[in-house]
Amino acid sequence: MLLSGLDTRTKALLQANDLQALMRAARYKRDRTYPALITYSPKVFIPLTKACRDVCHYCTFAKPPRRGQNIYLSAEEVLAIAREGAKAGCREALFTLGEKPELRYRAAREELQRLGFESTVAYLAHVAALVRDETGLLPHLNPGTLTAEEFRALRASGASMGMMLETTSDRLSERGGPHFGSPDKTPSVRLATLEAAGEAKVPFTTGILIGIGETREERLDALLKIRDAHARHGHVQEVIVQNFLPKMDTKMRAFPPADPLEHQWTIAAARLILQDEISLQAPPNLAAGTGAELIEAGINDWGGVSPVTIDHVNPEAPWPNLERLAEITEQCGKTLAPRLTIYPRYLREAGKWLHPKMVKHVLNAADAEGMAFEGEWVPGALEAPPVIRNKGPIDERIQAILAKPPGSALSEEEIVTLFSARDASFHAVCAHADALRKTVNGDRTHYVVTRNINYTNVCTYGCKFCAFSKGKTHEELRGPAYDLDMGEFSRRVREAWARGATEICLQGGIHPSYTGETYLNLLNEAKQAAPGIHIHAFSPLEIWQGAATLGMSLDEFLGRLKNSGLSSLPGTAAEILDDEIRAVIAPDKIKTDEWFAVMRAAHRLGLKSTATIMYGHVEQPVHWARHMLKLRAHQLAFGGFTEFVPLPFVALEAPIYLHGRSRKGPTWREAVLMHAVARIVFHGVIDHIQASWVKMGPQGAATCLNAGADDMGGTLMNESITRAAGAVHGQEFAPWQMESLIRELGREPRQRTTLYGIASKERQQRAMQAAPLEDMVNTPLKTRKMRQHLDA
């Protein structure tokens, strides 16, 4: 009856005396869900109180109160530990504490009263919230047995919580057993807590402790009960299989440690019994061997590892050095990767599993996969990028993708797999992309001398990511609203031409008084000011809006624009070409099909365009893959894209980030991979991949030039949109700076035109000898009527 509900093969493996066969089956099952990574949580350990009403016979963590010593860490002490952890790169604050000491010790009750709290749980909620708000660490709370009501009270303060089930054997709570005298270790009480966590929608960690006198059957019973609770609630994110080690000064000091082979057997059994999505963990500092034997048995997670604090529960067992842990992981054919205390699938359903007060903190700590954000680099800022390890195995799935003939059509799943590349796999993807870049472009690296002219920052749209537009929805953002008069607009065009530009790029907000005629007038003014300049203008949103105001079809309006001097289109307003994401970040903007409708019309008329992606906010790698596949399909049909331009989300001043509803941009790894994967996906379809020096920084762009990119984009002269979002990389990257950086990489700089012709010698010479820019004047809004229009 114990194994009822398991398939015949699993039953046979559990009943047979063949450890190797059991572990092979466990590894096979693990690798279907966790094929490449072994994860860990970089944590700091905060022992809020060591007082406990239980007296487990193997525990050295719990200590009775001593006269003259505080029972609880003060808020200041908690924050000092947390800040040290944050400084060391931790992402998790693990709160471990004795169970309800106030129920046993009068001194604990009195200290809580002095602190202003009725219970240990209430005090835990308070200090965990302080850590959350003041350090950015994500609290993981281990207060022991709780009711559903207590779980709900703690949800605002913890990203996840946990309690070791340990065992379901009542026998071990009898006299002489390790849990005798410990009311909170009664199996029915702990099972009720496991159930309550599910009812309260708490991402939960639990586990079993082996080697304390239980039988194999009792271990299996505990695992089956965990499985059944998860089947009801879906809340068990990880299960720990922890091996007992005897400790001095405990009643079980003479008890033998858990048999290492039994530990392996139990890990493998847990992997086969538990649902695929449940992560399986064993602490590396308690391993009988190097820890490789635990991976061999079927784990996919090492648990929390601290660079700052000891393991207060097992103080005799130091954490392994992360470099050593990475090496052990690599020896087993896996890659070590940091995660958060909440697992990715729970973050993807944050509205269900996280309290609203926790969401922004988790998003701020997460990468696009829901793993830990690595390093401090963010787009547009000055922090140095992290060094990505180039050791260990290359993911076999990635090797197979890279072995395909160049230009092969990749599936959505294959593209997502490329984006998962870490460590040696990351470097393999970048090297492959760089080789493809060389076959297409040789050692040429392109740039264009251009001027960005953003003619208005007034916009009636409410894009959540935009820090540039001014209007009722964004009135808190920095900088006054402006609408250039034609005199200033023309002056900037003339100045651009005089400084050697071959192109002007025109984009702006959707001004409420602009019509299609406004865009036509801008083209006419630009052509009069500089007849020879290439006008690269108007996003698909502006084209859509302009056509609608004149009651024209897209074809008709684009025809008029072309006749008035429009030469090509920027492929902006694409953001993420998936309406699931657009509904979050730009709900009133054109939909995916409408964006492509503009591009189809433009490309049919012979107007070329760029294609862009704006990534690192609320989307996931699957959305990047869908975006690329849609662009590739369009290009195969119409051939109108000149280059692909990844635009990493600059979050620093973006409303969606400031309001806690997005991530803080892509990680360095993700940003570089975006260029590399694009080169692989678009090989033979789109020849040029551009790196944005404004967002990546000049050295970041240089890194991308070694990862598939062949283009540095424009010198710009002026840049308003990214700087409004908080970027600091300047408004102009002069031609001599471009060429110096390109030559440092051993490449040949090529000053190009918009459509990848070679700029004339005259233009090149003017660009190299350009005079300093004159001061700009952003014409302020003049009329009360216009301001009333905006407020409406």
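These are my notes on a cavity, a strand and a helix in a predicted model.

**Ground rules.** I number residues from 1 along each chain as its sequence is written. Since I'm on a predicted model, local features need pLDDT of at least 70 and side-chain atom pairs pLDDT 80 or more, while totals for chains, interfaces and linings use all residues, and side-chain values use heavy atoms, with hydrogens and water left out.

**Cavities.** I looked for cavities (sets of points on a 1 Å grid over the protein atoms alone where a 1.4 Å probe fits but cannot get out). I got five of 30 Å³ or more. I picked the second largest, which holds about 70 Å³ (the space filled by probe spheres set on the points). Its lining residues (an atom within 4 Å of a point) include K404, H432 and I680. I sorted the lining by class: seven nonpolar, three polar, with Gly counted as polar, and one charged. Helix 15 (396–402) and helix 17 (424–441) each give at least two lining residues; helices are DSSP runs of H or I, at least four residues, and strands are runs of E, at least two.

**Strand 8.** I checked residues 301–305: five of the five are buried (under 20% relative accessible area, 1.4 Å probe, protein chains only), so strand 8 is largely enclosed by the rest of the structure. Strand 1 (residues 37–49) pairs with strand 8 in the parallel sense over three bridges (pairing takes at least two DSSP bridges). I found D301 as the bridge partner of T39.

**Helix 20.** Along residues 540–550 I found P540, L541, E542, I543, G546 and A547 buried. Their cover includes helix 19 (516–529) and strand 14 (566–569), contact being heavy atoms within 4.5 Å. After the helix I hit G551, with a positive phi near 65 degrees.

Key: 1 Å grid on protein atoms, 1.4 Å probe; cavity = no way out; pocket = protein on both sides within 12 Å on 5 of 7 lines; lining within 4 Å. Buried < 20%, exposed > 50% of the residue type's maximum accessible area, 1.4 Å probe, protein only.
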